[in-house]
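Trainee: Can we go through the ligand site together? I'd like to know what stands behind each term you use.
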Amino acid sequence: MSQTHKRILLGISGGIAAYKCAELVRRLKDQACEVRVVMTESAKQFITPLTMQAVSGEPVADSLLDPAAEAAMGHIELAKWADLVLVAPASSNIIAKMASGIADDLLTTLLLATPAKVAIAPAMNQQMYAHLATQSNLATLASRGVAVWGPGQGEQACGDVGKGRMLEPNELVSLALKTLTPEVPLLAGKTVTITAGPTREALDPVRYISNHSSGKMGYALAEAALALGAKVNLISGPVTLTPPRGCDVHSVSSALDMHQAALALAPGSDVFIGCAAVADYRAADIAEQKIKKQGDEMTLTLVKNPDIIADVAALTAQRPYTVGFAAETQDVAQYAQGKLKNKGLDMICANDVSQAGIGFNANDNALTLFWDKEQQSLPLASKSELALTVVKAIAGKLN
Ligand code: C5P
């Protein structure tokens with residue numbers, strides 16, 4: 001990050017909400033942000049480069065092949081200059097290009113070239129926003145760590161009512177400031193090992209038993225621990241997410257693989273967080289050849305997997321502060337407190353997965369943290385926000 005930590009590259013794509021960008025830049029400058037503006041060709045149909053130059057106090061960049069602009073600040077230099085690249089408004093077109101990695105103009109090229117955090121503020125007709133193509137592109141971007149801010153709900157410029165309005169400039173400013181304010185490095189010098197995602201228990205060379213864990217919560221915890229300055233080992237089961245930059249990824253498949261990696265890394269760690277949805281059982285024997293259809297019924301013999309987190313908590317030497325997760329559908333507090341005790345954990349994060357929209361596979365979650373004699377409820381929030389709160393709570397318990 002730069003010395004000021006507040007260098008924002010605003011990428012404006014073509015949408016009617018672009019008219020709000022002048023206000024957005026003014027409000028960012030009120031907060032002592034340095035702002036440089038890049039516009040796509042279609043953005044210029046909605047607001048002029050002259051307006052954006054006047055409010056930002058900097059020349060507006062709009063061409064990849066402009067020798068004069070390249071001589072002043074080349075596009076790679078501009079990509080490196082930013083602490084945050086904010087695409088607002090982000091049209092369905094630029095979202096699709098970003099998801100595909102297309103770089104056919106200055107803004108899309110910068111988006112591939114920047115090492116900075118990228119955020120987008122989607123703005124489009126509600127039907128376009130709801131389209132499966134747009135939703136799948138947004139999910140792809142989110143899985144790569146792009147922050148998706150909004151859209152809001154309400155009346156649209158085209159007369160429709162629904163989801164697709166760009167967030168208001170003041171909302172975008174507060175999100176940008178929050179993103180750019182560095183966290184206090186509460187975990188500097190500490191090593192945090194996290195298990196995430198599902199495990200796969202092979203039955204034969206082509207089949208396995210698994211579960212619906214997406215790994216989102218574990219990956220968000222890894223990102224949060226990195227933000228607090230920790231060295232992070234991420235032991236991940238098979239997921240489709242991109243790991244946060246800077247963590248040491250150990251990809252595993254079965255519970256036995258995860259157990260081996262966890263017990264190798266835990267003794268060198270200050271904190272161990274078991275967020276993986278580990279299969280409780282595995283096949284007693286993995287068939288060497290594909291199992292053939294037999295009768296109307298078949299019986300699988302399963303044997304118990306080791307309890308990874310209980311084994312970590314039972315370490316007698318170099319035992320890390322050990323944190324588990326408990327997904328429950330009923331009597332959450334009672335079951336969670338039971339697991340805290342039986343597994344010998346220092347802390348457990350419990351969620352009620354019977355509630356729609358939270359827990360497995362969702363982007364949001366609500367948790368209750370339990371210690372031996374204490375508890376703390378964390379209301380519904382994004383997994384990233386919750387992860388930061390959880391990791392800060394853990395940091396507060398370390399000596
Ligand atoms: O017993 P249950 O699966 O509900 O406990 C959940 C907690 O235990 C999670 O932290 C999970 O990562 C961990 N766990 C484990 N090894 C297992 C089963 C669960 O580490 N075999």
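Mentor: Sure. This is a predicted model, and the ligand in it sits in the second largest pocket.

Trainee: What makes you say that the ligand "sits in" the pocket?

Mentor: The cut-off is that more than half of a molecule's atoms lie within 2 Å of the grid points. The ligand is assigned to the second largest pocket, so it passes that test.

Trainee: Which residues are the closest to the ligand?

Mentor: Gly 274, Ala 276, Ile 309, Phe 325 and Lys 339, out of 13 residues that surround the ligand. To count, a residue needs a heavy atom within 4 Å. By makeup, the shell splits into 7 nonpolar, 2 polar and 4 charged residues. As for where they come from, α12 (308-313) and β16 (321-328) each give at least two of the shell residues.

Trainee: Why is the pairing with Ala 276 called a polar contact?

Mentor: A ligand oxygen is 2.7 Å from a polar backbone atom of Ala 276, and the limit for N or O pairs is 3.5 Å, so it qualifies. The backbone of Ile 309 has a polar atom 2.9 Å from a ligand oxygen. With Ile 308, a backbone N or O atom is 3.0 Å from a ligand nitrogen. On its own the ligand has 450 Å² of accessible area, and the protein covers 84% of that.

Trainee: How do you know that Cys 158 is annotated as "active site"?

Mentor: That label comes from UniProt, in an unreviewed entry; such annotations may be inferred rather than shown by experiment. In the model, Cys 158 is in the loop between β6 (152-155) and β7 (161-165).

Terms used: Residues are numbered from 1 along each chain as its sequence is written. This is a predicted model: local features need pLDDT of at least 70, side-chain atom pairs count only at pLDDT 80 or more; totals for chains, interfaces and linings use all residues. Side-chain values use heavy atoms; hydrogens and water are left out. A polar contact is a pair of N or O atoms within 3.5 Å; within protein, one must be able to donate a hydrogen and the other to accept it, and residues adjacent in sequence count only if both atoms are side-chain atoms. Accessible areas come from the Shrake-Rupley method with a 1.4 Å probe; for residues, only the protein chains shown count as cover. On a 1 Å grid over the protein atoms alone, a cavity is a set of points where a 1.4 Å probe fits but cannot get out, and a pocket is an open set with protein on both sides within 12 Å along at least five of seven lines; lining residues have an atom within 4 Å of a point. Helices (H or I, at least four residues) and strands (E, at least two) are DSSP runs, numbered from the N terminus. Ala, Val, Leu, Ile, Met, Phe, Trp, Tyr, Cys and Pro count as nonpolar, Asp, Glu, Lys and Arg as charged, and the others, Gly among them, as polar.
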